[in-house]
Each structure stands twice: as structure tokens, then as C-alpha cells.
Amino acid sequence: MFSAVIKPLVVNMTILFSLIFNANLFFPFRRKMVLTWKQKMMYGVAASFTALLCMMYPIQPLAKTNFDFRMIVILVTTLYIGKTAGLLCTFTVVIARFIIGGPFAYAGATVSVFAYVVGILFRSSFFNVKRKMLYGLMIVFIYLILYIATIIYAVPPLPWRFYVVYFSFFIAMFLALIYVIERLIQFNEQFDDMIYLDKLATVSEMAASFAHEIRNPLTTVRGFVQFLSKDTTDENVKKFAPIILEELDRTNDIITEYLTLAKPASFQLQKVNIDDILHTSVHLLSPLGTMTNVSLHLYTEGKSDVYGDAHYLKQALLNVMKNGIEAIEYGGAVTVHKTVDEKEKEVIITIRDTGKGMTEDELKNIGLPYYTTKSKGTGLGSMIASRLIRQMGGTMAYESRLNEGTTVTITLPLYEGD
């Protein structure tokens with residue numbers, strides 16, 4: 001009896017782990033995945049196939065009953081991928097269960113639907129919690145209450161040893177999948193960081209090789225343009241000299257960005273009052289916002305200090321806020337919100353604009369060398385800001401929707417000294 005229960009469970013476990021690793025191979029898991037409808041459907045099809053395989057190897061302690069791990073597939077798919085993929089998987093499982101038939105078909109379909117409903121109810125909160133294993137344990141217990149209630153109502157009593165073994169494996173498997181997925185997300189993010197740092201090193205080496213050599217002749221050219229335009233009577237020189245000087249200054253700013261990127265920043269990590277930095281940054285950018293009909297709003301919850309470099313932190317924040325202002329074309333607002341997460345020992349700064357937003361492809365490329373959505377720009381500003389935040393032990397993440405705006409979330413380590 002014991003081996004008849006364990007063997008199907010081990011097969012089900014193997015099937016589920018195969019789904020996770022194969023799915024990550026084709027569509028690597030990310031903290032907040034932005035999937036197209038086609039990708040969601042592909043995940044749904046893969047999940048449906050996996051659930052059907054689980055149903056092919058059930059435990060049958062009672063004639064016509066089918067105990068397996070198909071409900072775990074529905075739960076995990078709904079929590080991580082979303083309601084579209086979860087609904088497709090649930091629909092497939094329900095149809096298959098009715099095809100298998102038997103007096104307990106309705107009970108089997110009901111527990112599958114319950115898995116989808118629980119996944120939908122907890123999906124949004126599941127992504128926002130830090131301790132997903134603990135939260136996942138709560139989710140699976142809530143689902144098991146519905147599952148066990150359905151069994152008690154619709155299925156004749158089974159030996160208590162069977163329930164202990166089956167539900168123990170059920171809980172362990174669900175938590176194991178959450179753990180594996182979270183680890184895969186962590187590995188994928190580390191791999192992305194390695195690629196990012198490799199690109200950063202390439203750009204830095206190239207920048208260091210020619211930035212200084214270009215700046216010297218530019219300074220000479222600028223001096224001669226100023227000299228020629230000072231006492232000239234030529235109308236064309238008077239007309240076009242300011243434009244030439246403006247473009248030379250813009251070129252010089254670009255070279256300065258390259259030099260900032262090429263030269264490793266000399267950080268003085270210490271206690272920094274983040275509220276002062278935020279108030280100063282908003283104050284400095286208010287005139288630019290007024291010129292472009294953009295209002296800036298700052299909200300801070302609780303006083304806190306971070307561990308960082310005041311100068312470079314201000315530089316990074318100014319860059320992000322300025323990008324938010326420039327993304328707004330016909331008036332709008334940039335909202336800066338600071339909160340403190342005492343449990344995780346970090347300060348969270350969200351900078352949200354009501355600008356034009358970005359497409360999924362643009363969002364994937366933001367922060368890469370030379371990539372920019374502005375007509376004038378090098379794309380190095382966002383890259384420099386990201387590097388500065390990283391060097392202070394923080395993170396910077398982007399969320400955006402086309403024509404709705406962009407949100408930049410910056411986390412910084414909380415200062416815990418005296």
C-alpha cells in the first residue's frame with residue numbers, strides 16, 4: 001500500500017520539476033515578468049500538458065478517485081504567470097477530469113477550480129511580499145482547507161495514513177517549487193548583472209581611450225568661435241555662433257558623461273540623510289518642471305538615513321527625476337515617494353511620472369549603453385545612475401506602460417550605525 005502511494009507521488013514530483021526547469025530554459029523567470037499574450041498562452045499550454053501528465057499517474061486509494069499534483073500546477077502557474085495561463089490550465093484539467101469520469105468527477109473538478117481561485121486571490125499580494133516561502137505556506141494551507149472540505153463532503157473516508165502522506169508531499173512539493181523558482185529568479189538576475197557589467201566595462205574602456213583627446217580640440221574651437229563672434233559685423237556669424245556654441249557645449253556634456261562612466265567613482269560611504277537629498281533634488285529641478293508645465297511632489301514617510309555617498313546619490317536621483325520630467329510632453333506630474341522597510345533594512349524611493357511611458361522592448365533595453373528614448377541623448381545618464389546606485393549597495397528597477405507613465409524604484413541600504 002505504501003509503495004503504491006509513494007511511486008505516483010515521486011513521478012508527479014519529477015514531472016513538476018521538469019516543467020519548472022524547461023519553462024525557465026525558454027522564458028527565464030524574472031522578478032516581475034512582462035509577458036505578451038502569446039507567451040502567456042505558451043506557458044498555459046505547457047502547464048496544461050504538465051497537469052495532464054500528473055493526471056496520468058494518479059494515486060487511486062478508492063475506485064474511481066484520482067489524487068495527484070495537478071492542483072499544484074494550477075496554483076503555481078496562476079501565482080507566477082497570471083490568470084490567463086492559469087485559466088487555460090484549469091479549463092484543460094476540468095475537461096480531462098470529466099473525460100476520466102467516475103462518481104467523483106465533480107469533486108475532482110471542484111478542487112481544481114478552487115486552486116485557480118486561490119491563486120487569483122493571492123497573486124498580487126504574493127509578488128509584493130519578501131518572505132515568499134512563509135506566505136506560500138499560508139496560501140497552501142488556505143487551499144487545503146477547501147480541498148479537505150470538498151473531500152469530506154464528496155468522498156468516502158480514507159485511511160488517515162494516506163491523508164498524512166499525500167498532504168505532506170503536497171505541501172512539501174508546493175513549497176519546493178516556490179523555492180526553486182525564487183532561486184532561478186535570483187540566478188537569472190545575477191546573470192543579467194554579469195552581462196550589464198561586461199557591457200559597462202566595454203563602454204568604459206572605449207570612453208577612456210578617446211574622451212580626453214576630443215575635449216582638447218573642442219575647447220580650442222569654442223574659444224575661436226567666441227573670439228570671432230565678439231567684434232564681427234558678419235550677420236551670419238552673429239546668427240549661427242550661439243548655435244555652434246550650444247552644440248559644442250552639448251558635445252562637451254556627452255564627453256563628461258563618458259568620462260564619468262570611464263573613471264571609477266571615488267565613494268565616501270557614510271551616513272546620509274536621504275530626506276535632505278530628496279528635498280534638495282526636488283528644489284533644484286522645480287524651475288525645469290515649471291518651464292515644462294510639470295509639477296513635482298515629494299512624500300516622505302518617517303525620517304531615515306542611508307549608507308551611501310551624498311554627492312553621487314544626489315547625482316543619480318537628479319538624473320532619474322530629470323528623465324521623468326523630460327518624458328512628459330504636455331504637462332503632468334512627477335511624484336517622489338520615500339518609505340522605510342524596517343524588516344529588510346532598506347529605504348525604498350519610488351519616482352513616478354505621468355509621461356509617455358515605454359513599450360516592453362524599450363523597457364528591456366533601458367539602462368544599456370547608448371540606448372535612449374529621447375531625441376537628444378546618449379543613454380549614458382540612466383546607465384551611470386544605475387551604476388552609482390549599485391555601487392552604494394542599492395538596486396534600481398523600472399516599470400512602465402505606454403501612454404501611462406514610468407515608475408523607477410530605488411532601494412538603498414538603511415544606515416544602522418549610531
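Residues 160-181 run as 100% helix and 0% strand, with the end C-alpha atoms 32 Å apart; helices here are DSSP runs of H or I with at least four residues, strands are runs of E with at least two, and both are numbered from the N terminus. The span 134-154 is likewise 100% helix and 0% strand, and its end C-alpha atoms lie 30 Å apart. Both spans appear in an unreviewed UniProt entry under the annotation "transmembrane region", which also covers residues 9-29, 41-59, 71-98 and 104-122. UniProt positions are given in the numbering used here, feature names are shortened, and such annotations may be inferred rather than shown by experiment.

The model is a predicted one, in which local features need pLDDT of at least 70 and side-chain atom pairs count only at pLDDT 80 or more, while totals for chains, interfaces and linings use all residues. Residues are numbered from 1 along each chain as its sequence is written, and side-chain values use heavy atoms, leaving out hydrogens and water.

Taken as a whole, the protein comes to twelve helices and seven strands. Of its 418 residues, 44% count as buried, meaning under 20% relative accessible area, as against exposed at over 50% and partly exposed in between (1.4 Å probe, protein chains only). Among contacts (heavy atoms within 4.5 Å) between residues at least 6 apart in sequence, 75% join residues at least 24 apart.

Helix α3, residues 70-80, is a good place to look inside: eleven of its eleven residues are buried. Among them are Arg 70, Met 71, Ile 74 and Leu 75. Just after α3, Gly 82 takes a positive phi of about 130°.

A neighbour of this helix is Ser 112, which lies in helix α5 (residues 105-128). Ser 112 counts as buried because its relative accessible area is 0%. Leaving aside residues up to four places away in sequence, Ser 112 touches Arg 70, Met 71, Ile 74, Thr 90, Val 93 and Val 94. Leu 75 is 37 residues from Ser 112 in sequence, yet their C-alpha atoms are 9.0 Å apart in space. Within α5, a polar atom of the Ser 112 side chain lies 3.0 Å from the backbone oxygen of Gly 108.

The surface offers a contrasting view at Met 56, found in helix α2 (residues 37-56). Met 56 counts as exposed because its relative accessibility is 55%.

Terms used:
A polar contact is a pair of N or O atoms within 3.5 Å; within protein, one must be able to donate a hydrogen and the other to accept it, and residues adjacent in sequence count only if both atoms are side-chain atoms.
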